[in-house]
Amino acid sequence: MSELSPSLTAEHDAEFGDYVALLKPRVMSLVIFTALVGLLVAPVPVHPMVGFTAILFIALGGGASGALNMWWDADIDRIMRRTRSRPIPAGRVRAEEALALGLALSALSVVMLGLATNLFAAAFLAFTIFFYVVIYTVWLKRWTPQNIVIGGAAGAFPPMVGWAAATGSVSIEAVLMFLIIFMWTPPHFWSLALFMKSDYHEAKVPMLTVTHGADATRRHILIYTLLLAPVGPALGLSSIGGPATLSATVILNLLFLKGAWAIWRRSTAEAQADEFAVEKRVFRFSLIYLFLTFGALLLDASLRHLGWGLV
Amino acid sequence: MAITRTHELHKRRFGRNLGVALTLGAFVLLVFGLTLAKLTETGPTEGFDHTMRPSLSEGTGQ
């Protein structure tokens with residue numbers, strides 16, 4: 001982490017929105033959605049107020065880890081085009097403020113989740129924050145091209161935390177929800193890295209595109225998409241699945257495989273010629289993939305609630 | 001006539017302080033709401049209120 005010069009003058013006082021930006025709101029929205037689904041599909045009903053509190057503090061815990069990530073990565077955020085406008089490299093927030101906010105919010109989120117639900121969920125949230133900040137951000141991100149494979153587990157934990165908030169434990173269904181996000185993360189990020197390669201290269205982050213080249217990355221995208229393919233249907237056949245999840249995951253995985261195949265088939269020269277149109281399309285689709293998969297789970301939960309489920 | 005001059009910095013700080021105040025207020029409301037939810041989950045509660053009520057003491061063996 002680089003040394004920042006002391007706060008220059010009072011003109012650089014941050015606004016409230018700058019502190020919110022530290023929490024990575026767009027990432028938080030994914031955490032909120034997947035944790036909410038994990039909570040709602042769990043077989044134990046939860047009081048709406050308790051559920052709201054649980055989701056709020058799971059999301060804030062995720063936001064806290066985002067702030068701590070921005071604190072640690074301030075030096076590379078300054079270099080990368082994609083992250084240059086973040087609050088710390090842009091000079092709106094001091095690094096120490098991000099550290100303090102991240103630590104305080106982490107502690108508050110864990111304590112409040114424990115008070116609202118149970119200690120297991122709170123411990124799980126604490127572990128998720130630790131995993132993202134220490135294992136991914138501090139250790140893996142700058143060390144290995146498999147950084148986002150292992151580090152992606154942090155983004156896959158929220159539905160398990162939501163499930164744990166409702167039930168006090170985890171189960172095979174929670175693990176399947178984890179696996180979907182875990183296996184989805186590499187093709188999602190690597191398709192982004194294919195058209196953001198120079199950004200990571202300048203920041204000396206060992207993304208697969210930088211360490212092993214674009215061709216290896218294309219191959220890895222296809223492999224991980226193949227590994228992802230059976231997880232969705234397995235979820236569809238589980239006790240929290242149903243006709244919506246099964247049909248949605250089959251179709252979504254076929255489409256994802258088609259996109260991964262198209263990425264694998266083309267060369268970097270072809271990709272540069274059309275400004276990475278296929279890679280960008282697959283990246284955008286990967287966002288819809290996750291949203292629709294978890295949306296299908298919610299639909300099946302609603303069908304079961306109405307007595308229309310298959311189980 | 002005001003005896004102080006306001007600066008753009010004051011507006012920014014006011015905005016930040018307002019945000020913090022609203023967040024704290026929301027937190028207070030959240031804890032209140034959560035307390036109500038937890039209490040209603042445990043069902044009706046009774047306690048000793050300085051008068052002897054046999055129904056409360058019978059279960060405790062006092």
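**Figure 1. A:Arg86 is a buried residue of the predicted model, paired with A:Asp77.** The relative accessible area of A:Arg86 is 17%, and the residue is classed as buried because this value falls under the 20% limit. The model shown here and in the following views is predicted. A:Arg86 forms a salt bridge with A:Asp77, and the closest N and O atoms of the two residues are 3.1 Å apart. A:Asp77 is also buried, with a relative accessible area of 2%. Side chains of opposite charge can pair when their charged atoms come close. Over all chains, a search of the whole structure finds nine salt bridges.

**Figure 2. A salt bridge joins A:Arg218 to A:Glu279.** The closest N and O atoms of A:Arg218 and A:Glu279 are 2.6 Å apart. This pair links distant parts of the chain: A:Arg218 belongs to helix H12 of chain A and A:Glu279 to helix H16 of chain A, with their positions 61 residues apart in the numbering. A:Arg218 has a relative accessible area of 1% and is therefore buried. A:Glu279 is buried as well, at 0% relative accessibility.

**Figure 3. Helix H12 of chain A spans residues 213-228****.** The helix has 16 residues, and the distance from its first C-alpha to its last is 23 Å. That reach is close to the 22 Å expected at 1.5 Å a residue. Among the buried residues of H12(A) are A:Gly213, A:Ala214, A:Ala216 and A:Thr217 in the earlier part of the numbering. The buried residues also include A:Ile221, A:Leu222, A:Tyr224, A:Thr225 and A:Leu228. A:Arg218, the partner of A:Glu279 in a salt bridge, is another buried residue of this helix.

**Figure 4. Helix H3 of chain A is largely enclosed by the rest of the structure****.** Helix H3 covers residues 48-72 of chain A and has 25 residues. From first C-alpha to last, the helix reaches 36 Å, close to the 36 Å expected at 1.5 Å a residue. Of the 25 residues of H3(A), 19 are buried, so the helix is largely enclosed by the rest of the structure.

**Figure 5. Two residues with positive phi lie in the loop between H15 and H16 of chain A****.** A:Glu275 is found in the loop between helix H15 (268-273) and H16. Phi of A:Glu275 is near 55°, a positive value in a residue other than glycine. A:Phe276 is found in the loop between H15 and H16 and has a positive phi of about 60°, although it is not a glycine. In accessibility, A:Glu275 is exposed, with a relative accessible area of 57%, whereas A:Phe276 is buried, with a relative accessible area of 15%.

**Figure 6. Further salt bridges of chain A include a pair and a network****.** A:Asp274 forms a salt bridge with A:Arg266, the closest N and O atoms being 2.4 Å apart. A:Asp274 counts as partly exposed, at 32% relative accessibility, while A:Arg266 counts as buried, at 12% relative accessibility. In addition, a network of salt bridges links A:Asp73, A:Asp75, A:Lys141 and A:Arg142.

**Figure 7. Four residues of chain A form a positive surface patch****.** The members of the patch are A:Lys258, A:Lys280, A:Arg281 and A:Arg284. Helix H16 (residues 277-305) of chain A gives the most to the patch, with three residues. A:Arg281 is found in helix H16 and counts as partly exposed, at 45% relative accessibility.

**Figure 8. Chain B has two helices and zero strands****.** Of the 62 residues in chain B, 16% are buried. The chain exposes about 5400 Å², of which carbon and sulfur atoms supply 67%. B:Ile3 lies in the segment before helix H1 (8-42) of chain B and counts as exposed, at 85% relative accessibility. B:Ile3 and B:Leu18 are 15 residues apart along the chain, and their C-alpha atoms are separated by 23 Å.

Note on methods
Residues numbered from 1 in each chain as written. Chains lettered and ligands numbered in written order. Predicted model: local features only at pLDDT ≥ 70, side-chain atom pairs only at ≥ 80, totals over all residues. Heavy atoms only, no water. Helix = DSSP H or I, 4+ residues; strand = E, 2+ residues; numbered from the N terminus. Buried < 20%, exposed > 50% of the residue type's maximum accessible area, 1.4 Å probe, protein only. Areas by Shrake-Rupley, 256 points an atom, 1.4 Å probe, with all protein chains shown as cover. Patch = residues over 30% accessible without salt bridge, like charges linked within 9 Å, V, L, I, M, F, W, Y side chains within 5 Å. Salt bridge = Lys/Arg side-chain N within 4 Å of Asp/Glu carboxyl O. Lys, Arg positive; Asp, Glu negative; His and termini not counted. Charge placed at Lys NZ, Arg CZ, Asp CG, Glu CD. Expected span 1.5 Å × (residues − 1).
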